[in-house]
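Let's take a walk through this structure together. Have a look at it before reading on.

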Amino acid sequence: GSGAIKLYEPLSRHTTMRVGGPAQFWVEPETEEGFADLVSYCDDHDIPFMVMGRGSNLLVRDGGIPGVVAQLSRGEFARYEVNGMEITAGVGLKLKQLTAVAQNAGIGGFEWMEGIPGNLGGSLRMNAGAMGSQTFEQVVRVRYCDTDGNIFTRTPAEMEVHYRDVPTLRQNYALSATLRGFPASSEEIAAKIAESTQKRKTSQPIAASAGCIFKNPTSIPAGKLVDELGFKNFAVGRARVSEVHGNFIVNDGGATAEEILTLIGEIKAAAARERGIELETEVQI
Ligand code: EPU
């Protein structure tokens with residue numbers, strides 16, 4: 001149930017930034033039971049363990065990741081079911097697929113997810129958001145397993161949930177979740193998707209990136225701040241601040257994690273020095 005193991009799988013193949021050294025052991029479990037067994041085995045034997053979503057909000061270091069990296073994208077993790085205005089889906093479902101499921105079922109409220117290259121699991125872990133919406137506004141309940149492989153079902157009120165961070169899912173691994181929408185026609189949904197696609201096209205780069213690098217501080221959007229600090233188009237090696245949006249670092253081809261981390265460090269230092277603002281990264285490092 002935990003699938004075949006690949007040794008030293010390059011994670012640059014599995015991140016939208018196209019950066020990152022190898023995972024020592026790469027696995028793609030297909031059943032919840034197989035996954036829970038794997039989690040508890042690693043815990044019992046002190047083997048480092050990590051779950052990776054679609055790698056769209058992740059910066060993997062050049063040295064790679066020791067231990068086991070599991071991607072939940074197949075079998076039971078890609079299942080979904082519609083019940084009235086609720087969709088229950090495995091964490092492996094891509095957000096784009098979730099939007100399509102909602103549209104076909106006449107459920108509105110999922111349109112903002114359409115252009116995000118991640119899956120449901122990453123979206124839960126991060127409380128991902130766009131276009132003024134965020135994941136946990138729609139979550140009804142989450143099923144997750146702990147490091148001993150025990151499975152729990154919890155409502156958002158029973159979990160710790162913040163802007164772009166869900167601490168409850170740091171040491172627990174989401175398996176599936178139920179999200180709620182509202183009745184909407186396919187035309188209404190299509191119009192909203194077209195609107196956000198248009199907005200994204202003009203305000204975000206298409207080059208390889210990990211989406212927004214920094215969380216928005218309360219005083220100013222991070223992208224605007226980076227822009228005002230004069231960093232647009234500033235590069236360290238093959239890593240460059242996008243000319244389209246200041247909160248995106250793009251990979252011009254062959255960038256290293258080290259170059260990206262240096263660029264992040266320079267931006268943070270300038271923000272602190274010139275504006276007294278402590279930028280916090282939004283991407284998982
Ligand atoms: N702005 C600038 N210069 C820039 C970039 C932005 O002046 O280089 C200004 C914009 O003109 C706008 C403001 O800053 O007035 C905010 O920009 P934008 O509307 O692009 O939204 P954002 O706050 O930068 C957030 C999310 C994005 C999400 C967009 C669209 C965060 C950190 N970012 O960006 O999420 O796609 O809204 O809804 O909350 C991500 O999480 O990876 C991500 C891309």
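**A pocket and two cores**

Helix α4 (residues 186-203) gives the most to the lining of the second largest pocket, with four residues. Helices (H or I, at least four residues) and strands (E, at least two) are DSSP runs, numbered from the N terminus. This is a predicted model, where local features need pLDDT of at least 70 and side-chain atom pairs count only at pLDDT 80 or more, while totals for chains, interfaces and linings use all residues. Residues are numbered from 1 along each chain as its sequence is written, and side-chain values use heavy atoms, with hydrogens and water left out.

Back to that pocket: which residues are the closest to its centre? Out of 15 lining residues, they are Glu-111, Trp-112, Met-131, Ser-133 and Lys-192.

Now for the inside. The largest nonpolar core (a set of buried Ala, Val, Leu, Ile, Met, Phe, Trp, Tyr and Cys residues joined through side-chain atoms within 4.5 Å; buried is under 20% relative accessible area with a 1.4 Å probe, protein chains only) has 39 residues. Phe-35, Phe-49, Leu-98, Phe-110, Leu-124 and Val-142 touch the most other members. Several elements supply at least two residues each, among them α1 (32-44), α2 (95-104) and β10 (139-145). The largest share, five residues, comes from β12.

Take Leu-98: beyond its neighbours within four places in sequence, Leu-98 is in contact (heavy atoms within 4.5 Å) with Ile-87, Ala-89, Leu-93, Phe-110, Met-113 and Leu-120. There's also a second, separate core of 27 residues, including Leu-229, Val-241, Leu-263 and Ala-270.

Notes
1 Å grid on protein atoms, 1.4 Å probe; cavity = no way out; pocket = protein on both sides within 12 Å on 5 of 7 lines; lining within 4 Å. Buried < 20%, exposed > 50% of the residue type's maximum accessible area, 1.4 Å probe, protein only.
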